[in-house]
Structures are given as structure tokens and as C-alpha cells.
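Colleague: Please take a close look at one part, the ligand site, and tell me carefully how it is built. After that, a few other places in the chain would help me to judge the model.

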Amino acid sequence: MTDQTKNSASSQATKERVVIFDTTLRDGEQSPGATMTHAEKLEIAGLLDEMGVDIIEAGFPIASEGDFRAVSEIAANSKNAVICGLARANIKDIDRCWEAVKGAAQPRIHTFIGTSPLHRAIPNLDMDQMADRIHETVTHARNLCDNVQWSPMDATRTEWDYLCRTVEIAIKAGASTINIPDTVGYTAPVESADLIRRLIETVPGADEVVFATHCHNDLGMATANALAAVAGGARQIECTINGLGERAGNTALEEVVMALKVRGDIMPYATGIDTTKIMNISRRVATVSGFPVQFNKAIVGKNAFAHESGIHQDGMLKNAETFEIMRPSDVGLAETNIVMGKHSGRAALRSKLHDLGYDLADNQLNDVFVRFKELADRKKEVYDEDLIALVNVGIDGEGDRLQIKHLRVICGTEGPQQATLTMAIDGVEQTTEATGDGPVDATFNAVRNLFPHDARLQLYQVHAVTEGTDAQATVSVRMEEAGRIVTGQSADTDTVVASAKAYVHALNNLLIRREKSGGDTPEVNYKDLT
Ligand code: KIV
Ligand code: ZN
């Protein structure tokens with residue numbers, strides 16, 4: 001046994017447990033453009049539950065009908081995790097939240113109010129009025145549900161005495177978890193540890209509740225601040241997959257979990273997370289949120305386990321521990337990249353996908369197999385990354401209202417580039433021609449000819465899935481219309497085809513959002529509510 005494995009094996013039994021609270025579906029989904037469909041939210045909740053997340057914050061039930069429905073269904077389907085919903089500090093929010101979570105085997109209401117001077121000014125409450133509001137709302141939540149979490153939003157910029165006063169009120173009113181949010185990513189590790197330690201020492205009743213840490217990443221310190229808070233006495237870490245979240249995001253689940261696992265010698269805390277499920281859920285969240293993971297992102301980035309330089313490669317061949325502090329398999333990365341080709345059969349595909357962490361139902365496997373064969377016809381060697389892209393993106397829904405039927409694009413050094421596109425719109429095929437500044441612009445103009453809309457393109461991003469000129473391109477598109485933000489993704493060896501499909505995927509999502517919100521009224525936005 002190496003020193004690394006000895007450390008983690010021997011200390012496992014003696015470690016104190018830290019609870020993992022995942023808020024990908026609430027704080028993560030709140031980030032502009034990361035909106036997920038109902039089915040995607042249920043799928044991600046299932047994966048979180050399966051990987052051992054203790055508490056899933058499933059959404060903000062009062063924010064929209066869609067949020068309410070998602071939280072209710074996640075609550076009804078949950079197997080092991082506590083299901084939590086968010087509510088502002090008012091009776092209507094809390095009642096709606098309880099309606100949504102009460103079907104869970106283990107429900108939790110999470111209610112919050114901004115306690116810092118800047119946040120107190122918004123509802124125009126003075127300190128005493130806010131204290132009364134906290135007492136009233138936490139008491140109300142506690143009368144509905146045994147498990148209540150309370151958060152003083154912007155805690156790290158709240159006056160110390162007032163923070164202690166409000167935390168004490170929430171504890172006395174029955175909150176069993178006190179979450180201390182660093183809402184704007186302002187704190188630093190020493191301060192983060194100190195804040196939790198002093199609260200536990202100072203506030204009467206603090207030793208009877210769990211303190212949680214909720215860090216945003218504006219200064220790139222969210223993971224360090226969360227771990228420091230644990231050193232200070234916090235026993236719940238709030239985090240998201242891939243660090244998804246508003247602005248620079250939240251603490252990344254994969255980072256805190258792997259840090260605790262790898263450095264158990266100096267941070268003797270255990271989590272219930274099956275770390276081999278990390279890569280799979282990271283890829284799914286990247287796909288459904290439309291937020292690709294940066295290549296050099298810790299733990300889940302494409303390059304996190306890649307070794308390019310000669311010295312590194314030589315060292316790795318002699319002893320992997322020279323340059324790796326954890327094994328790729330620890331986070332669910334297959335160690336080999338056996339190439340599949342057009343002669344590979346369905347059983348080989350099933351087994352390969354299993355090794356990559358995907359156990360598909362028969363109908364899903366059939367769908368991926370058809371697309372795998374199409375790809376293998378065009379591309380000699382199909383790599384793991386190609387298969388992952390096939391599983392994750394580019395499933396053209398049978399019921400999609402907009403469907404691309406044919407696309408032909410003329411491009412070259414002499415412009416303008418020209419696209420001829422046939423699309424079925426609600427089952428009726430129509431053809432158009434359009435020119436543009438480049439093949440993608442011409443194609444998007446053709447889509448707009450057939451389906452005129454005012455949605456504004458906010459993001460257009462292309463990534464090559466593998467090396468080589470026959471690589472598949474994955475394309476992400478983000479669009480905005482009257483406050484609704486939607487994304488679309490697709491993958492294809494032809495970049496223009498992938499772009500067209502991603503664009504049309506986003507438009508199909510927009511149509512779903514329009515229908516859900518009953519016409520042209522934008523859904524309620526979290527930001528309008530705080
Ligand atoms: O960042 C924050 O303060 C929040 C609260 C709602 C807990 O997300
Ligand atoms: Zn937050």
C-alpha cells in the first residue's frame with residue numbers, strides 16, 4: 001500500500017461525517033442560461049440521490065409553476081436524500097414550499113432573509129422588524145415541518161452582533177440547520193473558519209444545531225472557504241456539480257468531496273458520496289445546463305488527468321503517483337480508451353458504455369446504437385469522448401415542434417455563404433434559402449426565415465470532442481427572449497450541422513417555455529423575488 005492509500009484507508013473509520021447539500025437544481029439552475037427542462041431536473045435529482053448526496057435542494061417552489069412541479073416530483077421520487085425547497089421569509093413562500101416538499105420521505109424547508117445592511121434596505125426593515133420577521137417565519141416553517149434550515153443571506157457582510165442575534169432567534173424558533181452564506185464570495189479561508197467557530201462559541205443553543213457553509217466563488221476561494229468553514233465547525237457543505245451557479249458559481253461538489261477524500265490526513269471528515277459517479281453527473285450537468293466544463297477545471301476538466309509533457313509522461317509510466325494524487329477511476333474515469341469502430345456490435349457498445357458509467361435502458365441503447373453506427377460510418381475510430389457526446393447530446397426529440405430535415409451549405413473564400421434549409425414546423429415541411437457572413441450565420445438566417453422570432457443569441461460555443469480533423473464538434477447555444485433564457489446543444493462531425501441542430505434545440509426549448517408560462521409573459525425570476 002502507498003502512503004496515500006494507507007492514509008485514506010486507516011482514517012476512514014475514525015472520520016467525522018460532513019453532510020453534502022447539493023443546490024445544483026436551485027442555486028445552480030438560477031444562473032442565467034442554466035435553465036433545465038422538467039425531465040432534466042428529475043434526471044439530475046436521481047443521479048444526485050444515487051451518488052449519495054445527503055440533501056438535495058430541488059428548487060424554489062414559489063418562483064414558477066415549473067419549479068413547484070419539479071420540486072414536488074423530485075420529493076415524491078426521492079429514495080435516500082432529504083429533499084429541500086427554498087422559501088423567502090414570508091408565509092406565502094413557506095406554505096408553497098411545504099406543499100412542494102411534503103411528499104418526500106424526508107422533507108426540509110429552507111427559508112432565508114438578507115441580514116446585511118445592504119440587504120436589509122431592500123424590504124426596508126429595520127433590525128428589530130427583521131428580527132420579528134425571522135422569529136415569525138421560522139416558527140411558521142417549524143410548525144409545518146420538523147426539518148427547517150435558516151440562512152442569513154450575505155452573512156459574511158452582516159454586522160457581527162446582529163448576525164449572532166438573528167442566528168439565536170432562528171435557533172430558538174426551531175431551525176435545526178443554520179446556514180452561513182457567503183453570498184457574494186467576499187470572505188477568505190481564515191475569516192470563514194473563524195466566523196463559524198465564533199458563532200458556535202457565542203450563540204446560545206448553537207451546539208444543538210448543524211452549521212452549514214454556502215460559498216460563492218467570486219474571488220475563486222469557494223472551495224477553500226467551505227473547507228475552512230468545516231475546520232471551524234461547519235458540518236454541512238452547500239455546493240453544486242461543476243461549481244454551477246450565479247456569476248462565478250458556487251463551491252464545486254467534486255472539489256470539496258475529493259479534497260476531503262485525498263487529504264483525509266489533515267481533514268478527517270467523511271462524506272457519503274460515491275466518488276466514482278462524479279464524472280458521469282458532471283457531464284450530464286454540463287450538457288443539460290449548457291455550461292461546458294473548462295478544460296483545466298479541477299477533478300472534472302478534460303485535462304485534469306491528462307499528461308502532456310515528456311517528463312510527466314515518463315514519470316506516469318514508471319509510477320502513476322508521481323503526477324497523480326488520485327486515480328482517474330476514483331472519479332469514474334475509465335482508464336483505457338479502447339477505440340470502437342463500425343464493426344462493433346450492440347453488446348460491445350453496451351459494455352463500453354457501462355465502463356464509462358452509463359447503464360442505459362434498452363430503448364436508449366437502441367437510439368445511441370443507431371447514432372453510433374451513423375457516426376462510425378463517417379469517422380474511422382470512435383473514442384470514449386465521441387460515445388459520451390452521443391449519449392449526452394443531439395437526441396432529436398420525436399415530438400419536437402421544429403425539426404431539421406435537410407441542410408446544404410455553400411461556403412468558401414468567395415462569399416456570401418449560402419444555406420438551403422428544409423425544416424418541419426409542427427409537421428409541415430418548408431424550404432428556404434439564406435445568405436450570411438459565414439456558413440453558420442447563413443444557416444441561422446435560414447432558420448430565422450422559416451421560424452421568425454425575436455430571441456437574442458447570447459452565446460454560441462463550439463468544442464472539438466477529440467483530436468483530428470474528423471472530430472465531432474459539440475455546439476452550445478444560449479438565447480434570450482423577454483427574460484426567458486434557454487440553451488440548446490448538439491454534436492456532429494459537421495460543425496455547421498451541429499450548430500443548426502443546437503440552434504433548433506434551443507428554439508424548441510423556448511417553445512416549451514412559452515407554453516409553460518402561458519404565452520408571452522416571462523416566468524417569475526428569482527432575482528425579482530429577493
Ligand atoms: O447565496 C445565498 O445567499 C443563497 C441563499 C438563498 C442561501 O443562495
Ligand atoms: Zn447562493
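Modeller: A residue is called buried when its relative accessible area is under 20%, exposed when it is over 50%, and partly exposed in between (1.4 Å probe, with protein chains only as cover). The model is a predicted one, in which local features need pLDDT of at least 70 and side-chain atom pairs count only at pLDDT 80 or more, while totals for chains, interfaces and linings use all residues. Residues are numbered from 1 along each chain as its sequence is written, chains are lettered from A and ligands numbered from 1 in the order in which they are written, and side-chain values use heavy atoms, with hydrogens and water left out.

I begin with the metal. The zinc ion, ligand 2, has as its protein donors Asp27 through OD, His214 through NE2 and His216 through NE2, at 2.0 to 2.1 Å (donors being N, O and S atoms within 2.8 Å of the metal, or 3.2 Å for Na, K and Ca; with water absent, sites may look incomplete). Read along the sequence, these donors follow the spacing D-x186-H-x1-H. The pair Asp27 and His214 therefore links distant parts of the chain, helix H2 and strand S8 (residues 210-215), which are 187 residues apart (helices, H or I, of at least four residues and strands, E, of at least two are DSSP runs numbered from the N terminus). Both ends of that link are buried, since Asp27 has 3% relative accessibility and His214 has 4%.

The three zinc donors appear again in the surroundings of ligand 1, where Arg26, Asp27, Thr183, His214 and His216 come nearest among the 12 residues around it (a residue counts as near if one of its heavy atoms lies within 4 Å). An N or O atom in the side chain of Asp27 is 3.0 Å from an oxygen atom of ligand 1, and the side chain of His216 likewise places an N or O atom 3.0 Å from a ligand oxygen, whereas for a polar side-chain atom of His214 the corresponding distance is 3.1 Å. (A polar contact is a pair of N or O atoms within 3.5 Å; within protein, one must be able to donate a hydrogen and the other to accept it, and residues adjacent in sequence count only if both atoms are side-chain atoms.) Of the 260 Å² of accessible area that ligand 1 has on its own, the protein covers 98% (Shrake-Rupley, 1.4 Å probe). Two or more residues of this shell are given by each of helix H2 (24-28), strand S5 (107-114), strand S6 (148-153) and strand S7 (177-182).

It is useful to set this beside the record. In an unreviewed entry, UniProt lists Asp27, His214, His216 and Asn250 under "binding site", and although these residues are spread over 224 residues of sequence, they cluster in space, the largest C-alpha distance being 10.3 Å. The unreviewed entry also lists residues 18-279 as "domain: Pyruvate carboxyltransferase" (such annotations may be inferred rather than shown by experiment). In the model that span is 44% helix and 18% strand, and its end C-alpha atoms lie 21 Å apart.

Two buried polar residues elsewhere in the chain deserve a remark. Ser116, in the loop between S5 and helix H6 (117-120), is buried because its relative accessible area is 1%, and its side chain makes a polar contact of 2.7 Å with the side chain of Asp154. Asn225 sits in helix H10 (residues 222-232) and is also buried at 1%; its side chain reaches the backbone oxygen of Thr187 at 3.2 Å.

Further along the chain, Val368 belongs to helix H15 (residues 362-378) and is buried, with 3% relative accessible area; its C-alpha lies 8.5 Å from that of Leu387, 19 residues away in sequence.

Some backbone details may interest you when you check geometry. Gly415 and Pro416 are joined by a cis peptide bond with omega about -5 degrees, and Pro416 lies in the loop between strand S11 (402-410) and strand S12 (417-425). Asp426, in the loop between S12 and strand S13 (428-436), has a positive phi of about 50 degrees although it is not a glycine, and at 47% relative accessible area it is partly exposed. Ala482, placed in the loop between strand S15 (473-481) and strand S16 (484-492), likewise has a positive phi, near 45 degrees, and is partly exposed at 42%.
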